[in-house]
Amino acid sequence: MKNQPLDGHCHCKHVSWQYLSLPDNITACNCTVCSRYGVLWAYGYLNDTVKVYGKTKCYTRGDKELSFHFCNTCGCVAYWLANYPRDNGQFRIAVNMRLIDQPEKIKLIPIRHFEGLHSFKDLPTNKTKVKDLWF
């Protein structure tokens, strides 16, 4: 099951993504953007572990490090994408797991809580799973 791709799409299905395996964890962040979007992120690299499809609009926050991409039609936040490549030449990306077609596939994946509002650090793990925030 680890190598089974996960598929997600916006409400109108004009934007979609494919995460090429099950992530080890899914992140809930409390920064000023993520807390407003209510997203759950799975991280990867564009065209390596994650594929995206469809035309989006984007919002680039103040530090210009990454852009949040959302559907032109229905407005769902689909993913964020780094604006600059890492040292390995790849672009970091995180897809919104709340857009997954079959949420039961991810319900037992641990939640990584990230304190993005003040300290920009991982919080201690507390055994929360996706099902505890969603189902």
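The following exercises, with worked solutions, concern a predicted model.

**Exercise 1. Determine which strands pair with β7, and in which sense.**

Solution.
Step 1. Locate the strand: β7 spans residues 66-71.
Step 2. Consider strand β6, residues 56-60; it runs antiparallel to β7, and 5 bridges join the two. Within this pair, Thr56 stands opposite Cys71 of β7.
Step 3. Consider strand β8, residues 77-82; its pairing with β7 is likewise antiparallel and extends over 5 bridges. Here Ser67 faces Leu81 of β8.
Step 4. Assess the covering of β7: 5 of its 6 residues are buried, and the strand is mostly covered.

**Exercise 2. Identify the residues with positive phi in the hairpins that involve β7.**

Solution.
Step 1. The hairpin of β6 and β7 has 5 residues between the strands. Lys64 in this hairpin adopts a positive phi near 65°.
Step 2. β7 and β8 also form a hairpin, with 5 residues between them. In its turn, Gly75 has a positive phi of about 85°.

**Exercise 3. Find the salt bridge of the structure and classify the accessibility of its two partners.**

Solution.
Step 1. Side chains of opposite charge can pair when their charged atoms come close.
Step 2. A search of the whole structure yields 1 salt bridge. Lys131 forms a salt bridge with Asp132, with the closest N and O atoms 3.5 Å apart. The separation satisfies the criterion of within 4 Å.
Step 3. The relative accessibility of Lys131 is 34%, so this residue counts as partly exposed. Asp132 has 44% relative accessibility and therefore also counts as partly exposed.

Terms used
Residues numbered from 1 in each chain as written. Predicted model: local features only at pLDDT ≥ 70, side-chain atom pairs only at ≥ 80, totals over all residues. Heavy atoms only, no water. Buried < 20%, exposed > 50% of the residue type's maximum accessible area, 1.4 Å probe, protein only. Helix = DSSP H or I, 4+ residues; strand = E, 2+ residues; numbered from the N terminus. Pairing = 2+ DSSP bridges. Salt bridge = Lys/Arg side-chain N within 4 Å of Asp/Glu carboxyl O.
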